[in-house]
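Biologist: I am new to this structure. Could you show it to me and take my questions one by one?

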Amino acid sequence: MSNKEVKAALKSARDAIRNQEYKEALKHCKAVLKQEKNNYNAWVFIGLAAAELEQPDQAKGAYKKAIELEPNQLLAWQGLANLYEKPNQTDVKRDLAEVYQKLLELYESSDKQKWCDVCNKLVELYHQEKKYLEVAETWQKLIRMKEEEGAEKAELHQLWKKMIHLLKGSTSNQDNKTGQLLSTAFEHALHSADTVPGEDHQNLYKDFIQCLSKFPHEKARLKKACHDMMALYPTLSYPLEVLCLLFVQSGTLSEEALQCFSRLLEMDADSGPGIIGFGIKCLKENKYKEAVKSLTEGLQKTNQCPAAWYYLAEAQMKIHEHRNALLSCNQALEALGTPEGPNLQWKNLALQLKAEILIKIADADAAEEAIKVLEQIVNGNSDPVVSALRGQAYLNKGLIDQASKISQELLLSHPDLAEAHALEGFIHYSQKNYEQAEKSFLNAIERKAGTADYHQYLGLTYWFMSDETKKDKGKALAHFLKAAKLDSYLGSAFCYLGNYYRDIAGDKSRARGCYKKAFELDETDEESGTAAVNLSVELGDTDTALSILNEVTGKARPGTAKWAWLHRGLYYLRTGQPSQAVADLQAALRADPKDSNCWESLGEAYFNRGSYSTALKSFRKASELNPGLVYSIYRAAALEQILGKYENAIATYQEILKKTENYVPALKGI
């Protein structure tokens with residue numbers, strides 16, 4: 001076949017393809033290849049015809065042969081792209097991307113429009129595959145090409161916005177470089193906007209700030225973007241809110257942060273981040289109740305702020321609301337999820353605080369949970385304070401040997417650590433080794449004098465060590481006072497001050513004040529509540545006693561606060577108000593149905609009310625629960641006598657006299 005015949009065969013092949021006679025085209029091409037096996041056009045036409053005949057493998061092989069022969073010729077690359085783009089082609093996206101890349105290289109100097117078309121296709125392909133870095137880099141090349149061609153500002157603006165759209169939904173999966181390119185796209189879109197300031201520009205700025213806030217490494221850029229937006233839109237609270245949350249998450253309370261919180265609250269008094277910022281300020285100023293109030297309110301409006309939940313837990317811990325603090329810690333940990341970078345530090349802080357709270361709760365279950373929580377702290381094993389907490393958790397669980405081992409190791413490795421000496425003190429105190437406990441707590445206080453717990457436990461050590469140290473004003477009293485001064489929410493310190501003033505100093509008025517304060521701080525402290533009521537009665541201040549009892553019973557759930565119901569019932573009994581006494585004593589018995597003394601008092605109330613049959617049942621119940629209650633047995637006999645049950649009454653009187661021969665009321669009754 002001559003050169004002329006080859007050209008004629010190729011023309012026939014082209015015509016056959018144009019007429020959709022693909023098999024005929026293949027014959028012409030094969031004839032050419034017999035003569036010229038490296039004929040580029042013949043291989044391209046075979047690829048095209050085979051593709052139309054749904055013979056993709058043959059088509060692919062033909063195109064690749066043509067590319068091998070002429071790697072910088074367009075036709076084969078175009079054909080291969082068309083083949084891979086067919087719907088029935090699967091698992092070829094990687095190959096198609098390589099083809100598009102080659103086409104971009106070939107079109108770059110020859111056909112700008114086709115270069116742009118292929119570029120769009122390549123970006124779409126990368127986007128489907130979630131290859132966001134490749135999306136960003138390729139789209140940026142397209143924009144650069146448009147800039148070189150002198151594209152209008154409006155067109156470039158739309159291209160930058162399209163790049164944002166392509167990348168914005170993928171921020172959770174982006175690496176640092178992709179994030180940088182997305183941020184750059186936002187900056188270009190903002191600078192190329194027509195109307196500044198304007199609604200579209202404002203929304204774009206919000207999206208930019210929201211995007212930056214997802215990248216921990218972009219804090220400086222985020223801060224600048226917030227300030228720039230505030231300058232353009234001074235009445236808009238959004239950038240200021242983001243800036244406030246940035247300061248909250250930073251964990252530092254600078255003058256700039258305080259100004260930011262104040263400015264936001266002036267602009268919007270209901271702003272969640274502003275209220276949170278004010279709460280943190282209160283916490284740092286030791287205004288713990290105000291901090292709890294503000295942080296709680298702020299988090300109701302802006303709840304996905306792990307640092308704010310942590311600060312709320314810290315404030316609740318300071319006022320000894322341990323159960324609430326535990327809930328807040330859990331919220332912080334839930335909001336943090338599985339963090340990296342700066343948030344990992346917040347997670348460690350939240351875990352440590354949670355362990356401290358569980359140790360304060362002080363029961364075996366809480367101790368077990370504290371041990372598990374401490375194990376989750378990253379690098380916690382190398383932190384001596386965490387080790388001391390672990391020792392306390394073991395001690396609360398009753399595992400004294402493990403606690404002692406940690407204590408000994410800490411004292412050897414960190415002899416100047418206050419927590420190490422305190423742990424040793426707690427262990428000695430739990431074993432009633434008061435002299436050794438005294439030394440340990442003094443060592444702890446020498447190293448950290450501002451810890452109320454250390455003074456509290458040293459005071460307790462002196463309280464139980466001996467009568468001499470209990471009475472010595474410079475011992476127990478001095479340290480209870482110091483503990484109460486350092487921590488004005490430490491109810492137990494005020495309770496022991498009450499004990500001192502009542503039992504040692506004989507100062508009932510001062511003792512009553514301490515018990516009242518202790519009870520105000522902890523309404524579950526029955527000892528302080530009871531003592532405050534009893535001392536109020538002894539001091540003739542019935543109004544205060546009743547005020548305390550009314551407050552407790554007013555809040556009490558059914559089956560709780562027995563002591564308050566009982567005290568108020570006895571008060572009503574003494575003051576001739578039997579119906580009220582009956583109601584309160586019944587409420588006390590719902591909390592403790594086996595209290596024989598309470599049944600006896602209820603019987604007395606029923607008797608005074610004239611309900612003799614019910615009174616009889618109450619006295620009998622009291623004597624069943626406690627056969628040694630002679631008075632209840634006597635009252636039952638007397639009621640039987642009143643009700644005309646003389647034989648039963650005589651038998652009951654005789655029963656009393658068998659046990660107590662000279663019991664005068666029974667002798668009179670019989």
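Modeller: Start with a record. An unreviewed UniProt entry annotates residues 3–39 as "coiled-coil region". The model itself is predicted.

Biologist: What makes up the chain over residues 3–39, in helix and strand?

Modeller: Helix accounts for 81% of residues 3–39, and strand for 0%. The C-alpha atoms at the two ends are 11 Å apart.

Biologist: Why is Ser-328 called buried?

Modeller: Its relative accessible area is 4%. Buried means under 20%. Ser-328 therefore counts as buried.

Biologist: Where is Ser-328, and which residues does Ser-328 touch beyond four places away in sequence?

Modeller: Ser-328 is in helix α18, residues 322–336. It touches Trp-309, Leu-312, Ala-313 and Gln-316, leaving aside residues up to four places away in sequence.

Biologist: How many disulfides does the structure hold?

Modeller: Zero. Take Cys-116: its nearest cysteine sulfur belongs to Cys-119, 6.9 Å away. A disulfide needs the two sulfur atoms within 2.5 Å, so Cys-116 is in no disulfide.

Biologist: Why is the sulfur of Cys-211 too far from that of Cys-226 for a bond?

Modeller: The sulfur of Cys-226 is the closest cysteine sulfur to that of Cys-211, yet the two are 12 Å apart. The cut-off is 2.5 Å. So that distance is too far for a bond.

Biologist: Are Cys-116 and Cys-211 buried or exposed?

Modeller: Cys-116 has a relative accessible area of 5%. For Cys-211 the value is 3%. The limit for buried is under 20%, so Cys-116 is buried, and so is Cys-211.

Biologist: Why is α19 called roughly antiparallel to α20?

Modeller: Helix α19 (residues 342–361) packs with helix α20 (residues 364–375) at an angle of about 165 degrees. Angles over 145 degrees count as roughly antiparallel. Hence the label for α19 and α20. Their axes are 8 Å apart, and the crossing is left-handed.

Biologist: Which residues make the contact between α19 and α20?

Modeller: From α19, they include Leu-351, Leu-358 and Ile-361. From α20, Ala-366, Val-373 and Leu-374 are among them.

Biologist: What makes Asp-91 count as exposed?

Modeller: Its relative accessibility is 78%. Exposed means over 50%, so Asp-91 counts as exposed. Asp-91 lies in the loop between α5 (74–85) and α6 (93–107).

Biologist: How far apart are the C-alpha atoms of Asp-91 and Arg-609?

Modeller: They are separated by 93 Å. Along the chain, Asp-91 and Arg-609 are 518 residues apart.

How values were computed:
Residues numbered from 1 in each chain as written. Predicted model: local features only at pLDDT ≥ 70, side-chain atom pairs only at ≥ 80, totals over all residues. Heavy atoms only, no water. UniProt positions renumbered as here; feature names shortened; annotations may be inferred. Buried < 20%, exposed > 50% of the residue type's maximum accessible area, 1.4 Å probe, protein only. Contact = heavy atoms within 4.5 Å. Axes fitted to C-alpha atoms, helices over the stretch in contact; angles between N-to-C directions. Parallel < 35°, antiparallel > 145°, perpendicular 65-115°, else oblique. Left-handed = near helix turned anticlockwise from the far one by under 90°.
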